[in-house]
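User: Please take a close look at one part of this structure, a long helix together with the segments that border it. I should like a connected account of burial, surface character and side-chain pairing there.

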Amino acid sequence: MKRDLWASKIGVILAVAGSAVGLGNFLRFPVKAATNGGGAFLIPYFIALLLLGIPLAWMEWTLGRFGGRFGHGSGPGILNAVVRKPWAKYLGSIGVFGPMLIFFYYIYIESWLLGFCWYSLSGALASAVAANSIGAFFGDYIMLKTMLAGMPAALLFFIITFVINFIVIYLGVRRGIEILNKVTLPILLVLGIMLFVRVLFVPGIEHGLGFMWNPDFSKLLSFKVWLEAAGQIFFTLSVGIGTILTYASYVKKEQDIALSSLSAVSANEFAEVILGGTIVVPMAIVVFGATNIEAVAKLGTFGLSFQTMPVIFSKITLGSLFQFVWFLLLFLAAVTSSISVLQPGISFFEDEVGLSKKKAVSIVAAISLVMGAIAIFGLGAGAVDEMDFWGGTFALVLFGAIEAVIFAWIFGGKRGWDELKKGAEIKLPDVFRYVLQYVTPIYLIVLLVGYFATEFIHVINMSAYTDTVVTFLVWQMPQKMFILLLRAALVTLLIGINVVIFITWRVRKIDAALAKQH
Amino acid sequence: MNTLHIGGIIFMSAAWTFIVALNVFCISKILRENPKKIVDTQDIESGLDKLGR
């Protein structure tokens with residue numbers, strides 16, 4: 001079967017940038033920076049970008065393009081082609097499981113943004129802000145209590161978002177993903193710049209920018225701040241998920257990856273540091289004041305986006321227009337990211353298992369619908385937080401560390417460096433060869449070990465959960481029991497993927513033996 | 001209130017300058033690339049396939 005390839009270089013750059021630019025750029029980064037030293041946070045942040053983010057992105061692009069040459073597009077096939085040992089393909093399963101897991105809950109959050117675009121236009125959001133009931137409005141919406149067209153509005157917008165995602169993914173790499181990113185990324189940047197310019201003209205913004213950027217060097221003495229910076233780089237560049245691996249597998253074998261990767265990183269940083277660092281936190285400071293910012297920050301990322309921002313927009317000229325722009329901006333950023341986490345699963349079933357596109361899309365859609373329902377109906381019980389931890393944090397760092405070790409010490413630092421330089425349209429400084437071979441993998445191992453040593457015991461003990469009775473559809477049970485069942489479902493899915501890998505490679509082996517006999 | 005002071009201005013400008021410079025560098029390299037390299041050979045191949053080679 002002939003694999004799809006990107007139609008143009010700019011297409012793959014925009015697709016990878018689209019995958020990276022997401023909610024984290026506009027919501028997560030400003031909160032992390034403002035609470036971890038302001039401008040001083042940029043020191044560990046840029047160090048992590050240079051020693052962790054850019055090198056790991058280069059590694060993923062290199063491994064992905066290498067695997068694509070042999071017709072592989074997902075973790076199991078690519079790592080098997082690189083390592084040539086039977087165990088490698090099972091490690092690669094994390095590169096399929098992780099992104100699928102992210103998709104299960106991310107798609108629901110993405111659909112809230114579409115819903116809030118609608119409510120910005122209909123005026124319902126402005127009315128809720130005027131009635132001082134935005135918190136209740138948001139709560140009712142996500143808990144499926146708000147009705148629209150005879151059904152819960154959140155479900156309606158979820159279905160629309162789900163269909164959009166699967167139509168794009170069914171259209172394929174060049175007709176679906178590439179065209180979507182070529183259209184949405186420029187729109188997203190224009191909307192972001194519109195908001196950025198509007199914010200700079202808000203009276204008193206110098207106080208907001210001061211809160212965001214004035215450096216507090218004492219924070220740098222805390223190891224936690226360095227961990228937070230490294231975590232943010234991981235999160236924002238979409239490294240360690242498996243999406244870059246898959247996207248790079250559709251690059252032609254001699255096409256540049258060094259410049260493409262750097263371009264995607266730099267576009268992401270523009271959206272994150274310049275746009276993201278200027279909009280949310282500085283505006284929140286102007287409207288609520290520095291003394292109330294802690295209470296605002298406690299609402300978390302979702303509270304900031306869905307509850308705080310509508311209040312902020314209600315207080316500025318042309319606020320309702322910019323409120324719509326804000327939710328549309330986030331929705332577009334989320335769509336390009338959710339599409340990217342779908343593709344590794346699709347590629348796994350198409351390239352490794354050998355199914356048709358239609359079957360691959362149908363299987364991933366069916367799994368996503370079942371697991372998405374758990375995220376939707378189990379939201380109040382903690383399902384989204386749990387999925388976000390395993391998919392959006394744990395799998396990311398683990399798979400990133402596996403990729404870095406394989407690239408540097410199994411594929412070989414010199415071989416990997418030469419592979420990266422093939423077709424390169426920029427001259428790579430030689431120092432990065434040593435960074436890729438030693439610094440990045442060791443940096444990742446330290447992160448992983450540090451994380452295991454300090455946090456993992458709390459995860460195993462379920463310290464964040466209680467024995468409060470929660471409701472999931474018609475069942476009632478203690479929250480810890482619900483989380484335990486959810487973990488069992490996730491483990492079953494991971495085992496299922498590994499069983500498919502086992503059977504696929506066994507069948508391949510038998511086919512190869514039969515072909516040899518004939 | 002904590003207004004933007006010289007330290008904040010330095011960090012903000014340094015970060016913005018670095019990122020804008022990185023973007024300008026990448027965009028200029030992409031634009032300067034040999035146009036022959038970005039010709040889409042797959043389109044040509046699929047056209048030839050349709051014509052039956």
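Analyst: A residue counts as buried when its relative accessible area is under 20%, as exposed when that area is over 50%, and as partly exposed in between. The model is predicted, and the account below centres on helix α19 of chain A, residues 431-460.

The description may begin just beyond the helix. A:M462 lies in the loop between α19 and β3 (469-472) of chain A. Its relative accessibility is 10%, so A:M462 is classed as buried. The backbone at A:M462 has a positive phi, near 55°, in a residue other than glycine.

Within the helix, A:F432 belongs to α19 of chain A. With a relative accessibility of 15%, A:F432 is also buried. The C-alpha atom of A:F432 lies 9.7 Å from that of A:I54, although the two residues are 378 positions apart along the chain.

Other residues of α19(A) contribute to the surface. A nonpolar patch is formed there by A:W87, A:L91, A:F223, A:W409, A:I410, A:Y434, A:Y438, A:V439, A:I442, A:I445, A:V446 and A:V449, which together have about 1100 Å² of accessible area. Helix α19(A) gives the largest share of this patch, 7 residues. At least two residues each come from α18 (383-421) and α19 (431-460) of chain A. One member of the patch, A:V439, is located in helix α19 of chain A. The relative accessible area of A:V439 is 33%, and A:V439 is therefore partly exposed. As background to such a helical arrangement, an α-helix has 3.6 residues a turn, so residues three or four places apart point the same way.

Helix α18 of chain A, which shares the patch with α19, also takes part in charged pairing. The side chains of A:E419 and A:R69 form a salt bridge, with an N to O distance of 2.3 Å. This pair joins distant parts of the chain: A:E419 is in helix α18 of chain A, A:R69 is in helix α3 (residues 42-69) of chain A, and 350 residues separate them. The two partners differ in cover, since A:E419 is buried at a relative accessible area of 5%, whereas A:R69 is partly exposed at 32%. A:E419 also meets A:K422 in a salt bridge, at 3.2 Å from N to O. A:K422 has a relative accessibility of 33% and is thus partly exposed. These contacts belong to a network of salt bridges that links A:R65, A:R69, A:E419 and A:K422.

For context, the search of the whole structure finds 13 salt bridges over all chains. Another of these pairs is A:R3 with A:D351, whose closest N and O atoms are 3.0 Å apart. Here, too, distant parts of the chain are linked, with A:R3 in the segment before α1 (9-20) of chain A and A:D351 in helix α16 of chain A, 348 residues apart. A:R3 is buried, with a relative accessible area of 15%.

In summary, α19(A) holds the buried residue A:F432 and supplies 7 residues to the nonpolar patch, while the loop that follows the helix contains A:M462, a buried residue with positive phi.

Methods
Residues numbered from 1 in each chain as written. Chains lettered and ligands numbered in written order. Predicted model: local features only at pLDDT ≥ 70, side-chain atom pairs only at ≥ 80, totals over all residues. Heavy atoms only, no water. Patch = residues over 30% accessible without salt bridge, like charges linked within 9 Å, V, L, I, M, F, W, Y side chains within 5 Å. Areas by Shrake-Rupley, 256 points an atom, 1.4 Å probe, with all protein chains shown as cover. Salt bridge = Lys/Arg side-chain N within 4 Å of Asp/Glu carboxyl O. Helix = DSSP H or I, 4+ residues; strand = E, 2+ residues; numbered from the N terminus. Buried < 20%, exposed > 50% of the residue type's maximum accessible area, 1.4 Å probe, protein only.
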